[in-house]
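Visitor: Could you take me in for a close look at one part of this model? I'd like to see the loops where the backbone does something out of the ordinary.

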2 protein chains.
Amino acid sequence: MIRKEIKKDFDMAECSVRNILDRFGDKWSLMVIDLLREGKLRYSELDNKIESISQKMLTVTLKSLETDGLISRKVYPQIPPRVEYTLTELGQTLLPAIDMLKKWAADSMPAILAARSKMATPSAP
Amino acid sequence: MIRKEIKKDFDMAECSVRNILDRFGDKWSLMVIDLLREGKLRYSELDNKIESISQKMLTVTLKSLETDGLISRKVYPQIPPRVEYTLTELGQTLLPAIDMLKKWAADSMPAILAARSKMATPSAP
DNA sequence: TTGAATGGTCAAATGTATCTGACTTAAAAG
DNA sequence: CTTTTAAGTCAGATACATTTGACCATTCAA
């Protein structure tokens with residue numbers, strides 16, 4: 001997402017790993033979706049929970065997720081403004097896949113760390 | 001992956017979406033794994049199948065996947081050289097998650113495209 | 001003796017995702 | 001009259017992923 005390639009909108013025929021990464025391979029999109037799984041969150045709440053994100057990227061990420069119909073944005077015409085974000089039904093359908101990835105990461109971490117330290121000492125004396 | 005953050009090796013406790021993206025959020029890693037699902041492939045075969053990848057990025061991607069124990073690299077001491085890459089068992093465990101993502105993308109594409117065109121014409125005239 | 005093929009490496013240039021910091025709007029509180 | 005708040009916007013700088021193009025070693029075939 002965010003990239004130009006998206007506009008080249010995705011090739012129904014190919015539907016490869018590339019399309020997924022074009023959408024979610026950025027730094028924040030999946031994280032925002034994951035945070036919204038429990039319900040509504042305001043802009044500032046997301047900002048606090050993620051901490052390291054810049055305002056600009058939070059705005060950009062939320063906008064692109066909204067454009068794709070994965071989250072919805074509700075504005076309350078108050079002062080100061082109040083904006084709440086929730087997952088749409090479409091957005092919710094992504095959660096099982098995210099969970100699977102998270103589970104894979106949790107299960108595989110020991111093996112990955114082991115492989116990595118093996119590379120550090122390639123059967124050295 | 002490839003980024004520095006990886007070295008900061010990943011926080012067993014957090015195990016969030018971030019760790020996954022730090023590993024696979026790049027442009028090529030998941031694609032390589034997906035291509036290797038059917039069996040061995042030589043360097044040049046991967047190069048041909050992906051087309052748009054540069055030699056350098058193919059090398060870098062393969063090396064980092066090997067370091068993480070997801071693929072294995074077998075060199076045949078011939079001239080000209082022959083190098084074959086295969087998924088390790090660990091690498092294979094990632095396939096179901098990839099499949100789930102691909103299925104999600106295929107299923108959700110119509111809805112995403114619809115949402116996107118709705119944003120293009122926000123109930124205008 | 002030149003060229004092709006394989007699996008690379010390296011330096012430098014490019015592209016683009018992301019960050020920083022300043023600014024905005026409107027009302028309400030001090 | 002100044003500050004605070006929420007949810008942004010904008011310009012400019014930075015970081016880093018990726019590409020381009022040159023190069024290497026070795027052997028066989030022309």
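Guide: Sure! First, a bit of vocabulary: helices and strands here are DSSP runs, with at least four residues for a helix and at least two for a strand, numbered from the N terminus. With that in hand, chain A has 6 helices and 3 strands. Reading from the N terminus, chain A goes α-α-β-α-α-β-β-α-α. Keep in mind that this is a predicted model.

Now let's stop at the loop between β2 (71-76) and β3 (82-87) of chain A, where A:Pro80 sits. The peptide bond joining A:Ile79 to A:Pro80 is cis, with omega of about -10°. Why point that out? Because most peptide bonds are trans. Chain B has a cis bond too, from B:Ile79 to B:Pro80, with omega near -10°. B:Pro80 is in the loop between β2 (71-76) and β3 (82-87) of chain B.

Next stop: the loop between α3 (43-50) and α4 (55-67) of chain A, home of A:Glu51. A:Glu51 isn't a glycine, yet its phi is positive, about 65°. That's worth a look because most residues other than glycine have a negative phi. A:Glu51 has a relative accessible area of 67%, and exposed means over 50%, so A:Glu51 counts as exposed. Over in chain B, B:Glu51 has a positive phi near 65°, and B:Glu51 lies in the loop between α3 (43-50) and α4 (55-67) of that chain. B:Glu51 is exposed as well, at 67% relative accessibility.

To zoom back out, buried residues make up 45% of the 125 residues in chain A.

Technical notes
Residues numbered from 1 in each chain as written. Chains lettered and ligands numbered in written order. Predicted model: local features only at pLDDT ≥ 70, side-chain atom pairs only at ≥ 80, totals over all residues. Heavy atoms only, no water. Buried < 20%, exposed > 50% of the residue type's maximum accessible area, 1.4 Å probe, protein only.
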